[in-house]
Amino acid sequence: MAGKIAGLWAALKKPSAKYSLVGLLAVGFVSGVFFWGGFNTVMEATNTQEFCISCHEMRDNVYPEYKKTIHYSNRTGVRAACSDCHVPKEWTHKMVRKIQASRELWGKLMGTIDTKEKFDAHRLRLAENEWARMKANDSRECRNCHSFDGMDTEKQKLRGAKMHKLGQEEKKTCIDCHKGIAHSKPKGMKEDDE
């Protein structure tokens with residue numbers, strides 16, 4: 001086995017007698033561009049609303065709830081898709097999140113959440129995982145659209161303005177107060193999470 005690997009390595013190190021170095025580099029460059037383009041196309045395709053609700057667990061459970069929220073329908077017509085809240089924009093963070101999401105696909109493949117009853121049984125744990133992720137990253141995805149600096153508290157309702165000022169002073173993040181903003185709150189939440 002070691003001899004085969006050494007032979008392969010020697011062949012790879014030896015210059016080609018048939019093809020020029022420029023030709024090999026050109027083929028490598030073009031192949032790299034196609035690979036990178038294909039990779040990015042797949043990454044973008046997995047960020048679409050259609051992809052997110054293509055499995056019945058999302059389509060039948062959380063999607064109908066989301067359609068009743070201000071993130072789906074509002075006076076300005078701005079709609080936040082699943083990926084806007086659940087997938088970071090920055091490439092490195094996006095790749096980490098995609099890898100984490102592959103664990104969630106494992107649950108789908110194993111049938112852990114394939115019925116409404118099973119989904120509801122795991123819903124609190126799933127929500128707590130997402131809240132912890134958002135808390136750890138200072139609600140990064142929320143801040144793609146919302147920021148304390150961009151808020152005009154004079155135009156907010158009195159309670160909202162008061163709570164946003166207090167949240168800013170106490171260095172709170174969006175998810176500290178806005179659980180259930182796009183999905184129904186799961187049963188069995190701790191009082192602190194309410």
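Modeller: In what follows, helices are DSSP runs of H or I of at least four residues, numbered from the N terminus. The model under discussion is predicted.

Biologist: Which helix gives the most to the lining of the second largest pocket?

Modeller: The second largest pocket has a volume of about 180 Å³. Its lining is formed by E65, K116, D120, R123, L124, S184, K185, P186 and K187. Residues 116–136 form one helix, and four residues of the lining come from that helix, α7.

Biologist: How many residues of the lining of the second largest pocket are charged?

Modeller: Among the residues that line the second largest pocket are L124, S184 and P186. The lining divides into two nonpolar residues, one polar residue and, as charged residues, six.

Biologist: Is α4 roughly perpendicular or oblique to α7?

Modeller: Helix α4, residues 56–66, packs against α7 with the axes 10 Å apart and at an angle of about 60°. Angles of 65 to 115 degrees count as roughly perpendicular. The angle therefore makes the relation of α4 to α7 oblique.

Biologist: Which residues in α7 meet α4?

Modeller: The crossing of α4 and α7 is right-handed. The residues of this contact divide into three nonpolar, one polar and four charged. On the α4 side stand E57, M58, N61, V62 and E65, and these meet, in α7, K116, F119 and R123.

Biologist: Is α2 oblique or roughly perpendicular to α6?

Modeller: Helix α2 spans residues 21–45 and helix α6 residues 91–109; they pack with axes 12 Å apart, at an angle of about 65°. The range that counts as roughly perpendicular runs from 65 to 115 degrees. The packing angle therefore makes α2, relative to α6, roughly perpendicular.

Biologist: How many residues of the contact of α2 with α6 are nonpolar?

Modeller: The two helices cross in a left-handed sense. From α2 the contact takes W36, F39, N40, M43 and E44, and from α6 it takes W91, K94, M95 and K98. Of these residues, three are charged, one is polar and the number of nonpolar residues is five.

Biologist: How far apart in space are Y72 and G32, C-alpha to C-alpha?

Modeller: Y72 lies in the loop between α4 and α5. Not counting residues up to four places away in sequence, Y72 touches Y63, Y66, K67 and R79. Y72 and G32 are 40 residues apart in sequence, and their C-alpha to C-alpha separation in space is 38 Å.

Notes: Residues numbered from 1 in each chain as written. Predicted model: local features only at pLDDT ≥ 70, side-chain atom pairs only at ≥ 80, totals over all residues. Heavy atoms only, no water. Axes fitted to C-alpha atoms, helices over the stretch in contact; angles between N-to-C directions. Parallel < 35°, antiparallel > 145°, perpendicular 65-115°, else oblique. Left-handed = near helix turned anticlockwise from the far one by under 90°. Contact = heavy atoms within 4.5 Å. Nonpolar A, V, L, I, M, F, W, Y, C, P; charged D, E, K, R; others polar. 1 Å grid on protein atoms, 1.4 Å probe; cavity = no way out; pocket = protein on both sides within 12 Å on 5 of 7 lines; lining within 4 Å. Points joined across faces, edges and corners; volume = space filled by probe spheres on them.
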